[in-house]
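Hi everyone, thanks for coming. Let me put the structure up on the screen, and then we can walk through it together.

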Amino acid sequence: MPDIEASFRIDQPAHRVWDFFQDVPEVVTCMPGTELLGQPGEAIYAGKVTVKLGPVTAAFEGEATIVESDHDARTARIEASGIDRRGGNRAKASFTYEVRTQDGGSHVRLSGTIKLSGALAQIGRSGIVQDVANHLTTQFSERLHEKLALSGREADADPREPPQAIAGTQLTRIVVLAWIRRLLAALVGRGG
């Protein structure tokens, strides 16, 4: 079960970032490859996440539940699970996020665990899940920055784009390079 740690800084007040995170449909627009399908309960959201890693593409459909949310501490815990019916992959995730004031802006920290089964489980064992998480966090933070910078102004130039598979060729390149680095490190470690 890979542990995930990611963080980023954004030049916006912590209360503003936290308030944005409470608007799940808006948050989803910042998450590459993610589509909101509905809200079956007060803190339950149905969605779809499409991931493409080289030859493996998985479209997970499932639910995410906000299990805990502490407005004063600006922390929340989310449990999610999904099934990729076509590829037979399954995923379960549990993660927390927190928003803290830092240097006149905000520091957002994410941590959690992901359990994969199916073809993607092999990729998850190699440590590439953390590399993918880092890449997606960068994309998310860039989109979040754009959204918050646009808020308060008309966003006429911000048309909704249909969701696309996460990261595509750039992410594939990152994943392959990370895998090669790990392989070389293992080979050098055995030889030395």
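Let's start with the side chains of E98 and R109, which meet in a salt bridge, 2.9 Å from N to O. Keep in mind that we are looking at a predicted model. E98 sits in strand β6 and R109 in strand β7, so this pair ties together parts that are eleven residues apart in sequence. How accessible are the two partners? E98 counts as buried because its relative accessibility is 18%, and the cut-off for buried is under 20%. R109, at 32%, is partly exposed. The pair also has company: E5, E98, R100 and R109 are linked in a network of salt bridges. As a general point, side chains of opposite charge can pair when their charged atoms come close.

Across the whole structure, the search finds seven salt bridges. Among them is the one between R9 and D11, at 2.3 Å from N to O. Here R9 is partly exposed at 35% relative accessible area, whereas D11 is exposed at 55%. Another joins R77 to E68, with the closest N and O atoms 3.0 Å apart. Both of those partners are partly exposed, R77 at 25% and E68 at 46%.

Now for the strands themselves. Which strands does β6 pair with? On one hand there is β5, residues 75-84, which pairs with β6, residues 89-102, in the antiparallel sense over ten bridges. E98, our salt-bridge residue, is the bridge partner of T75. The two strands form a hairpin with four residues between them, and G88 in that turn has a positive phi of about 75°.

On the other hand there is β7, residues 105-117, which runs antiparallel to β6 and is joined to it by 13 bridges. A91 stands opposite L116 in β7, and Q102 has G105 as its bridge partner. This is a hairpin too, with two residues between the strands, and D103 in the turn has a positive phi of about 50°.

β7 has a further antiparallel partner in β1, through eight bridges; there, A6 stands opposite L110. While we are on β7, have a look at I114, which lies in that strand. I114 is partly exposed, with a relative accessible area of 24%. I114 and A80 are 34 residues apart in sequence, and their C-alpha atoms are 9.3 Å apart in space.

Let's turn to the nonpolar core. In general, nonpolar side chains in soluble globular proteins tend to be buried together. The largest nonpolar core in this model has 17 residues, and V17, F21, V99 and L144 touch the most other members. At least two residues each come from β1, α1, β5, β6 and α4. Which element gives the largest share? That is α1, with five residues.

V99 makes a nice place to zoom in. Leaving aside neighbours within four places in sequence, V99 contacts A14, V17, W18 and F21, along with A73, R74, S106, H107 and V108.

One last stop is Q12, in the loop between β1 and α1. Is Q12 buried or exposed? Q12 counts as buried, at 10% relative accessibility. Not counting residues up to four places away in sequence, Q12 touches V17, G105, S106, L148 and A149. Notice V17 in that list: V17 is one of the core residues that touch the most other members.

That's my tour, so please jump in with questions.

Conventions: Residues numbered from 1 in each chain as written. Predicted model: local features only at pLDDT ≥ 70, side-chain atom pairs only at ≥ 80, totals over all residues. Heavy atoms only, no water. Pairing = 2+ DSSP bridges. Core = buried A, V, L, I, M, F, W, Y, C linked by side-chain atoms within 4.5 Å. Buried < 20%, exposed > 50% of the residue type's maximum accessible area, 1.4 Å probe, protein only. Contact = heavy atoms within 4.5 Å. Salt bridge = Lys/Arg side-chain N within 4 Å of Asp/Glu carboxyl O.
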